[in-house]
Amino acid sequence: MIRAIGIRVRETDPAVKYGLIVFILSRIFLTLWAALVLGLRPLPQEEDELLRPYLGEPILAEGPASLLLGPWQRFDTQHYLRISRLGYAAEEDSVFPPLYPALVRGLGYVFQGILPVGERHLLAGIIISNLAFLGTLILLFRITEEEFDRPSAKRAVVYLAIFPTAFFLTAAYTESLFIFFALASIWFARRKRFWLAGLFGLLAPLTRLTGWILVVPLAYEYMRSRRFKWRQIKPDILALFLPLVSLSGFLYWRSIMDLPGLTEIYEKYWYQTTAIPGLDLLTAIGKMISGQAAFTLFFDFIVVIVLLFMTILAYRKLDPTYGLYSTTLLLFMLLPASPQKPLFSFSRYALAFFPMFMVFGLVGKNPWINRLILYPSIGLYLYFSGQFFMWGWVA
């Protein structure tokens, strides 16, 4: 994947070597951990579409598939698999952009005749996510090393890989693919290769709707390359708007398919409305004070506070491009409000804030800060991933 976007790769490249080590260790550990968790706490064999919504996908509970694929048949993955199989037959699925399910369906054809449809699509999704995860580790190492130094880059990669919800990066979710596109877009913008930056920016909203925010850091990089002089603007400025083009194209497609608006779908199926950024924080505080909050809400709240602080630090420690990316992303993610589920999945969405891990990589040179990041992250990573494998809601 790294070669495919025009970045030179050598087997002795520290970014590739270190990224591969972290990736392989992560994959081996999660496979063994999932087997241990489900061995100690086997799931019930009967279906329960309320507690374990497989959404019509076959339950992989026997043979090698039960060990390698079964633990990843969880939550949003089932929606992506259903889209890859049936398209947008279920209107609640229409909030998910089409790129990831399309890639799953396309790669799934490779295994046609070898595996049943349920297995081949899930395997395809995991392969795509894992390749994107590896690419993300390599790019994050490169970018952090350029900003700071190699030790900081190594720490940033490790901190991302052991973040409490980082197991989503290897699941059949869109997180790793989205982060890879965002990193690649900014990587090329920093090198004044704006058409390539725009191309990866175009792919980001087709993976997650939040990808449109790349317009802001790309615009800053472009105007800086023109010394903020309007007369120096050239036709390549059009590349900056490609994220908005793909988002608009998806929204237009939904309208001609006569699908309900996104606001209506989110309110009906996902219990979310659009509100003033930060309103969900007040709802979360109210639930925590009243004793109605689950542990995940406490963690989501802490993650938001950390993101606010790290976004400020991004302006102080990094180039403004990264601060603008984090600010715009955070404001957009704070727009949804839900009385039932405030800060919904925030700890998972936090993975996209790669500047946070870059700053962590820098400040982690202090041994005490390094321990403060590592130890809680590892403990929560074990807990949340174990909950996920047991069909417990995490993010």
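This report walks through some helices, salt bridges, a cavity, a surface patch and a few backbone angles of the structure above.

The model is predicted, so to speak of local features a pLDDT of at least 70 is needed, side-chain atom pairs count only at pLDDT 80 or more, and totals for chains, interfaces and linings use all residues. Residues are numbered from 1 along each chain as its sequence is written, and side-chain values use heavy atoms, with hydrogens and water left out.

## Two helices

Let's start with helix α5, residues 117–147. Helices here are DSSP runs (H or I, at least four residues), numbered from the N terminus. The expected span of a helix is 1.5 Å times one less than its number of residues. For the 31 residues of α5 that gives 45 Å, and the end C-alpha atoms are 45 Å apart, which agrees. Of those 31 residues, 24 are buried, so α5 is largely enclosed by the rest of the structure. Buried means under 20% relative accessible area, exposed means over 50%, and partly exposed is in between (1.4 Å probe, protein chains only).

Helix α7 covers residues 175–190. From first C-alpha to last, its 16 residues reach 23 Å, close to the 22 Å expected at 1.5 Å a residue. α7 is mostly covered, with 15 of its 16 residues buried. Just after α7, Lys192 has a positive phi of about 60°.

## A cavity with α5 and α7 in its lining

A cavity is a set of points, on a 1 Å grid over the protein atoms alone, where a 1.4 Å probe fits but cannot get out; lining residues have an atom within 4 Å of a point. Grid points are joined across faces, edges and corners, and a volume is the space filled by probe spheres set on the points. The count comes to 1 cavity of 30 Å³ or more. The largest cavity holds about 40 Å³ of space. Its lining is made by Ile143, Glu146, Glu147, Ile186, Trp187, Arg190, Arg191 and Tyr322. Helices α5 and α7 each supply at least two residues of that lining.

## Salt bridges

Side chains of opposite charge can pair when their charged atoms come close. A salt bridge here is a side-chain nitrogen of Lys or Arg within 4 Å of a carboxyl oxygen of Asp or Glu. The structure has 16 salt bridges by this rule, including the three in the table.

| Pair | Closest N to O | Separation in sequence |
|---|---|---|
| Arg82 and Asp93 | 2.8 Å | 11 residues |
| Arg190 and Glu147 | 2.7 Å | 43 residues |
| Asp319 and Arg190 | 3.1 Å | 129 residues |

Which residues does Arg190 take part with in a network of salt bridges? Glu147, Arg190, Glu221, Arg224 and Asp319 are linked in it. Arg190 forms a salt bridge with Glu147. Arg190 lies in helix α7 and Glu147 in helix α5, so the pair ties together parts that are 43 residues apart in sequence. Arg190 is partly exposed at 26% relative accessible area, and Glu147 is partly exposed at 22%. Arg190 also meets Asp319 in a salt bridge. That pair links distant parts of the chain, with Asp319 in the loop between α13 (295–317) and α14 (320–333). Asp319 is buried, with a relative accessible area of 14%.

Arg82 and Asp93 form a salt bridge as well. Here Arg82 sits in helix α3 (residues 76–86) and Asp93 in the loop between α3 and α4 (99–108). Both Arg82 and Asp93 are buried.

## Positive phi angles

Most residues other than glycine have a negative phi. Asp258, however, has a positive phi near 60°. Asp258 is in the loop between α10 and α11 (262–269) and is exposed, with a relative accessible area of 69%. Trp391 has a positive phi of about 65°. Is Trp391 buried or exposed? With a relative accessible area of 7%, Trp391 is buried, and its place is in the segment after α17 (367–389).

## A nonpolar patch

Trp195, Leu238, Phe241, Leu244 and Val245 make a nonpolar surface patch of about 490 Å². Patch residues have over 30% relative accessible area and no salt bridge; nonpolar side chains (Val, Leu, Ile, Met, Phe, Trp, Tyr) are joined within 5 Å, and like charges within 9 Å. Accessible areas come from the Shrake-Rupley method with a 1.4 Å probe. Leu244 belongs to helix α10 (residues 242–256) and is partly exposed at 32% relative accessible area.

Technical notes. On a 1 Å grid over the protein atoms alone, a cavity is a set of points where a 1.4 Å probe fits but cannot get out, and a pocket is an open set with protein on both sides within 12 Å along at least five of seven lines; lining residues have an atom within 4 Å of a point.
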